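Reader: I would like to go through the enclosed spaces, one helix and the aromatic contacts of this model. Could we take them in that order?

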Amino acid sequence: MAQSILDAMSGASTGTLQVTDPLNFWGGRRVAPRQQADAQDVFEPATGRVLCQLIPCKAEEVDEAMQSAHTAYLKWSKMSGMERARVMLEAARIIRERREAISKLEVINNGKSITEALADIDFSWQCVEYYAGLAGTLAGQHIQLPSGAFAYTRREALGVCAGIGAFNYPFQIAVVKSAPALACGNAMVFKPSPMTPVTAVILAEIYKEAGAPDGLFCVVQGGPETGTLLCQHPMVAKVSFTGSVPTGKKIMEMSAKGVKPVTLELGGKSPLIIFKDCELENAIKGALMANFLTQGQVCCNGTRVFVQREIMPKFLEEVVKRTKAIPVGDPLLDATRMGALISKPQLDKALGFVSQAKKEGAKVLCGGEPFTPSDPNLAGGYYMSPCVLDSCRDDMTCVKEEIFGPVMSVLAFDTEEEVLQRANSTTFGLASGVFTRDISRAHRVAENLQAGTCFINNYNVSPVEVPFGGYKNSGFGRENGQVTIEYYSQLKTVVVEMGDVESLF
């Protein structure tokens, strides 16, 4: 089934695909919905036309997926790390082999440019490959005790983990959550965003084709109600969620009732600090990368750009020139660098932030308006011209709240002490960045920024080897890197007495 829709991608163009196959997956196969109630349209962002129908899973279906995953977990967790690694390496190979077709399908469902989607899929197979490499290294510790006694620890799987994804990186998030989970011996039931339901099931088919037990990676479709069923299901051992802060708080609250550990990768309003001694060309490139990837729909984007006053005119001149030159349009064309936002409501929300910024005194230097590509087939798509806002203040709505659209807010600063205080004056703490030639200042600023990641002289560079996660309201737990193994496993201590028991009784 994976190949059938992926085969169709070779000749697919924007506005031509219709998805009719079932989007749920458990028991080693796609599963059609039990009923047709509560169906909702899924749109192709580039055209605004209906791509497919999504029917949310109800309690009986979620339970069926859980039972399937649990059965697979019992087999998978007893396999050695090297045996699991072989399956995962084969899955990585298949993803790599089909990267272009998967990327096209991702673009049609998500709206981002094909250039970005290809990078996302490359990251995905690298992620599976990375955790396959760690699967065989999982080990405990031996502790020598007095009189020949000893203890050892075992790193064991948790069980069935629930993954809940977001719309901005549909396939990649499914991989980022499942790869470390599977490496540790767990199974996973994954719920994609209801706006991007199409590619997670492709990953499920790839895991099966690679040799994973049926049910090891299941996909259930739906919105908040289905997510609630996952969090509250007694078989779920852990929940990993990517999304907004309000939803993350609800996930945490529901999971707490079952004492389930959670990983929360939530929103951000990240600061990017550009000092006057920076390499300005790199800082300009960094600011563009920090704001306009995936149409600005990236949680770690550096959307508060603090520029030292002395270089502000030169910075703005060049940033505006390059922002105006960003090719916006058909996301499947190689020349396109910005596609469509995920939905009409999201487009309206981003445009609303720009209108509010103008009312509060910000100056629109470019963009911030609905964009209509020249191709008439794209007339119904959710496009927006990328926007740069000047004369911003810390108390403005566009500076305080996450926009999730292609809007850069630029703020002037004078001193390091001042900008650090302003940068940290937020409830978020996902990412941050600094551009400077002063190596001491770079590390000093990185130390004092209250964020889970700090980029020095670059931005939005997140290889799979490097942990990613937030401070404060941006969440907790980490994804990527070796440390993620600790979030998908548990430690058992075994104490062994080699002599007689000494008793007080």
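Reader: How many cavities of 30 Å³ or more are there?
Author: The model is a predicted one. Rolling a probe the size of a water molecule over the atoms shows where empty space is left. With cavities of 30 Å³ or more taken into the count, the result is three.

Reader: Which residues lie closest to the centre of the largest cavity?
Author: The largest cavity holds about 60 Å³ of space. By class, seven nonpolar, six polar and two charged residues make up its lining. Of these 15 lining residues, the closest to the centre are P271, F428, G429, A431 and Q450.

Reader: What distance separates the end C-alpha atoms of helix α6, and what span should its residues give?
Author: Helix α6 covers residues 170-183, and 14 of its 14 residues are buried. Because each residue should add 1.5 Å, the 14 residues of α6 have an expected span of 20 Å, and this agrees with the distance between the end C-alpha atoms, which is 20 Å.

Reader: Which residues form a cluster through ring pairs?
Author: The count of aromatic pairs comes to six. In one of them, Y207 and F217 meet edge-to-face, with 5.5 Å from centre to centre and 65° between the planes. This pair links helix α7, which holds Y207, to strand β9, which holds F217, and both residues are buried. Ring pairs join these two to a further residue, giving a cluster of Y207, F217 and F190.

Reader: Over which ring does the charged end of K112 sit?
Author: A charge over a ring is found at R96, which lies over the face of W125 at 4.7 Å from the ring centre. For K112, the charged end is 3.7 Å from the centre of the ring it sits over, that of Y169.

Technical notes
Residues numbered from 1 in each chain as written. Predicted model: local features only at pLDDT ≥ 70, side-chain atom pairs only at ≥ 80, totals over all residues. Heavy atoms only, no water. 1 Å grid on protein atoms, 1.4 Å probe; cavity = no way out; pocket = protein on both sides within 12 Å on 5 of 7 lines; lining within 4 Å. Points joined across faces, edges and corners; volume = space filled by probe spheres on them. Nonpolar A, V, L, I, M, F, W, Y, C, P; charged D, E, K, R; others polar. Helix = DSSP H or I, 4+ residues; strand = E, 2+ residues; numbered from the N terminus. Expected span 1.5 Å × (residues − 1). Buried < 20%, exposed > 50% of the residue type's maximum accessible area, 1.4 Å probe, protein only. Phe/Tyr/Trp six-rings, centres within 6.5 Å; stacked < 30°, edge-to-face > 60°. Lys NZ or Arg CZ within 6 Å of the ring centre and 35° of its normal.
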